[in-house]
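This report describes selected side-chain interactions and one helix pairing. The sequence and the structure are shown first.

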Amino acid sequence: MAGRDGRRRSVLKMRTVAGQVFLLQVAIVVLLVAAASTALVLQGRTDSDREARNRSVAVAETFANSPGIQAALKNPNPAEVLRRPAEQARERSGVDFIVVLNTKGIRYTHPIPDRVGKKFVGNLKPALEGRVITEKITGTIGPLIQAVVPVFDASGKVVGMVSAGITIKRVSSVVEDEFPLLFGSAGGVLLLTMGGTALVSSRLRRQTRGLGPSEMTRMYEHHDAVLHAVREGVLIAGGDGRLLLANDEARRLLDLPADIEGRSVTDLGLDPDTGTLLASGRTATDEVHPVGDRLLAISQRPTDQDGGPPGCVTTLRDTTELQALTGKADVARRRLRLLYDAGSEIGTTLDVARTCEELTEFAAANFADFATVDLAEAVLRGEEPTTVVLDMRRTAFSGLDEDTSLYPLGELIHFAPGVPMSDAIVNGEPILVPDLAAFSGWHKQQPDRARKLVDEEGIHSMITVPMRARGVTLGVATFWRSVTPEAFESEDLSVAEELVARAAVSVDNARRYSREHTMAVTLQRSLLPRGLPDQNAIDVAYRYLPAQAGLGGLGGVGGDWFDIIPLPGARVALVVGDVVGHGLHAAATMGRLRTAVHNFSTLDLPPDELLWHLDELVARIDQDEAVDGADAGVTGVTCLYAIYDPVSGNCTMARAGHLQPVLIHEDGTAAFADVPGGPPLGLGGLPFETLEVHLPENSRLVMYTDGLVEDRHRDIDDGLSLLRRTLADQARRTPEQACDAVLQALLPEHPRDDIALLVARTRVLDGAHVADWEIPADPAAVGRLRADVTRKLTEWGLVEEAFTTELILSELVTNAIRYASGPIRVRLIRDRSLICEVSDHSSTSPHLRQAAGTDEGGRGLFLVAQFAERWGTRYSAQGKVIWTEQPLLGD
C-alpha cells in the first residue's frame, strides 16, 4: 500500500481511520470463524453422545415392546426365533447391534454369530430391576453407547432384556461433514470482507486527500443548498432567543416573512403552545402541534452540547396527511383484531345452532347493534341443500333488546322474490343498505314491519350476507344498527363478509358432523342389544354409556359391547368386549364381532374355544383390510366370555386381554375372579384358559370395560379398588341399584371412553325343576325310563307333553345304547321350556338325514327334529350331550 510519497506502507503501521477499520474488521471475522469452529466441535461431541444415547434407548425399547417378543423368549429356541427380527431391526434403525438377553445375561442374538450364547459385557443389574440403563464403553468397534431395556411379561416380571448400541463415530460423522462447509463459507466471507473494506478505505483516502479552502467553500455552498432544498423545516435560534436561520420549508410551514432572521421566536405569530416550546429551548422529539390547518411534528435540540454555541435547532415536519393515514391504519388494525377475536369465539363447538348463536353474539357486541342468522331447514337436519331455498328458519338472534319487530327466534321466514335479501341469497352476493329510511326496496319483504323498525325502533342501516360454504348457500346473516350513529360503509361490508365466511365454514363442519354423528349413532344402536332375552338363569341389569361427544371420537360412538345369550340347558352366556378406538370403524367392527359371538355360541363351544375362534376372525379381518388398502385395521380387541349353568351353579369364564370380573359372594365380600389372562384378540399363537367357579344362588357376577375404571385423572388401580369397594357395599342391593351406585361412584365428569357394565345375580334351579336318571346299556331299560319320565311329567303337571317326551327320549336313549359307550345319563329340566338331555361318553355326533324307503334305520333323529322345537349337540370333557327343547303346552 503506497503513501503520499509513493513508498510502500506496512499494514501494521497504518494511521488512517480507514486502515484501522480495515484491520479491525478482518480481526473480528477471524475471531468469529474460530469461535464458530470451536463451538461446533464442542456441540458436535455433546450432540453425538446424546444422539447415540437417544437412538440406542429408542431402538432397544421399541424392540423390547414389539409384539411377539415375550412369546419368543418363552420359545424353546429363542435364538433361532429372534435372530432374523433382530438383524432386520438393526439394519433398519442404523444401530451397530441389537442383542436379546435372558435374565442371566446370555446373548440370544448378535451381529457376529459366534458371540451368540456368550455372556453380555455390561451392567445388567438396573435392567433386571426393571429400569433402563445406558453406558458409554470402548468395544472392539470403538467408543460406543449401549442401552439395556428390560422385557416384561403380562404380570410385570422381567423375563428378558434387549440391548442396542451405536458407535460415537457413526452419529458424529454428520457433524464432521459440516466442517468443510463452515471453513469454506468462513473463507469466502473473510475474502469478501477484506475486499469490501479495502475498496471503502481506498475511496475515503481519495475523497479526503488534498482538501483546500476552495473545496471547503464549495462544501459549505452545497450544505446551504441542501439546507434549503430539504422537505423538512429547520430553525436555528441563538442563546438570546433570536432566530438565526430559517430554511425555505420552515418559512412555508410557518408562513414567515422574508426578513424574519434576527427576530425573537416569540414574535413569529405562532400559537401559544408552539411559541412556548421554541422559546424554552428544551429537548423535544416529534411533538405534534397544530399550526394553522396543519399538524406539525416538532423536534428540538440544544446546540451547546459538546462545547457548541448556545442556542437550539428545531426541525418541523408536516404530518397532516400522515395523521390521516394513521387514522385509517388504526381502523384497519381494529378490524383485523375484530376478525382475530372472531376466529377464537365463533365455531367453538360442533353444533349448528350454537355456532350461529356465537356469530350473532359476537357481532352484536363488536360490530352491530342487532344480528340475526336464518338457516335452511335441511342444514338444521344435518343435510346439504341441493338447491337455493328462500324458506329459512330464524336460528339465532342477538341484540340490545329482544323485544323488537325483527322476526322472532324459531320462526320460518319466506323471503319474497325480488327483494334485495332474496337476490342476495340467489346470487350469493352481499348487500349493503346504508340508509334504511330511504326504503329502497328492502322493505317489500314486509312493509308494515319495515316501517316499525325504522320509525319506532330507530334501525337505520343493514348488511345482509349469504352464508355459503363449498359453493352451497346454507343460510343468510343480517346485521343492523340502531343506537350506533354511524351507518354501515363499504369497509364494514368486507368485515361482515369475512365474519360470515368464517362462521359458514364452522356451520358446514357442524352440519356434516351432525349427519355423520346421526348415521354412526343409528349404526351403533342397531348393533347393541335392545333388550334382555327371556331366561331364568340370572337376574341381570346393564348400563352402556358412550364417550362424551367431541372427546371420544365421532360423537362418542365406540366399540364397547355386551351381550346376554341364552344357551341350551337353561344356561346363559355373558359377554363384554371392547374394540379399541372410536368412530364408525370401531362400531362396525364391534357389530361384526358381536354377530360372530352369537354364531359361535350356537355351536355351544366352551369359553376358551369360542375366544380362539374369535381370535382367528379378528386376524382375518386385519388381513382383509390390509389387502383392501384400508387405512387402519383392528388396533385391539379385548373380550370376556362366561357361561353360567343354573342347574349346577357353575360358571366357566375365559378372557382375552380384558379386565378381571368381580365376584360378590353371599357373605357380601367382593373380589376379582382370577381368570387366566390371554392376549388380546388378533395376536394369535397363544391358547386361552378357563376358570370354573361355583356360584351359589344370589351371588353376583360383575363384568365391565376399562372406561369405567380408567380415567386420565385417576390411575386404573385406584379405579379397580374403588369398584370393588362400591360393589361390596351393594352386595344386598338389586342389580339395577348396583349399576346406579357404581356409575355414581366411578363415572368421570367427562367420559373419554365408552362404558359397558353388566351386573348379574345368579339363580339356581332346585330339585323340583330337575330330574335325572342313569341308564344301563340295556334296551330293556328304555321302557322303565319312559315310565319314570311319565310319572315325573305328571308330577310337574305336564301330562300333555308326556307322549312327545317319551318318543324323543326313546329315540335318543336307544341310539346311545346302540352307538355310544360308557354310562348313559338322562336329565329333564323344567324351565321356560321342557329340556331333555341325553349324555354319554362318545364324542361322535349324530347327523340328521333323510332315510330311504329301504333303510331299516335313520329315521329316529328325523322324528326328534320334527317333534322338538330345537335340538342340538354340545361336547364336554367326558363326551357329548344331545339336547332337545319342547314348548310347555300348559303355559
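Contact here means that heavy atoms lie within 4.5 Å. In this predicted model, G719, L722, L723, T726 and L727 of helix α18 meet A741, V742, A745 and L746 of helix α19. By class, this contact comprises seven nonpolar and two polar residues, with no charged residue. Helix α18 spans residues 716-729 and helix α19 residues 735-746; the two pack at an angle of about 145°, their axes being 10 Å apart. The crossing of α18 past α19 is right-handed.

Salt bridges number 27. Three pairs are set out below.

| Pair | Closest N to O | Accessibility of the Arg | Accessibility of the acidic residue |
|---|---|---|---|
| E129 and R131 | 2.7 Å | R131, 45% | E129, 46% |
| R481 and D492 | 3.9 Å | R481, 9% | D492, 7% |
| R870 and E885 | 3.1 Å | R870, 39% | E885, 9% |

R870 forms its salt bridge with E885. This pair links distant parts of the chain, with R870 in strand β29 (residues 870-875) and E885 in strand β30 (residues 880-887), 15 residues apart. R870 is partly exposed, whereas E885 is buried. The side chains of R481 and D492 also meet in a salt bridge. Here strand β15 (residues 472-481) holds R481 and helix α15 (residues 490-527) holds D492, 11 residues apart. R481 counts as buried, and D492 is buried too. A network of salt bridges links R354, E357, E358 and E361.

How many disulfides does a search of the whole structure find? The search finds zero. Among the cysteines, C651 is buried at a relative accessible area of 1%, and C739 is buried at 0%.

Technical notes
Residues are numbered from 1 along each chain as its sequence is written. This is a predicted model: local features need pLDDT of at least 70, side-chain atom pairs count only at pLDDT 80 or more; totals for chains, interfaces and linings use all residues. Side-chain values use heavy atoms; hydrogens and water are left out. Axes are lines fitted to C-alpha atoms, for helices over the stretch in contact, and angles run from 0 to 180 degrees between N-to-C directions. Helices (H or I, at least four residues) and strands (E, at least two) are DSSP runs, numbered from the N terminus. A crossing is left-handed if the near helix is turned anticlockwise from the far one by less than a right angle, and right-handed if clockwise. Ala, Val, Leu, Ile, Met, Phe, Trp, Tyr, Cys and Pro count as nonpolar, Asp, Glu, Lys and Arg as charged, and the others, Gly among them, as polar. A disulfide is a pair of cysteine sulfur atoms within 2.5 Å. Buried means under 20% relative accessible area, exposed over 50%, partly exposed in between (1.4 Å probe, protein chains only). A salt bridge is a side-chain nitrogen of Lys or Arg within 4 Å of a carboxyl oxygen of Asp or Glu.
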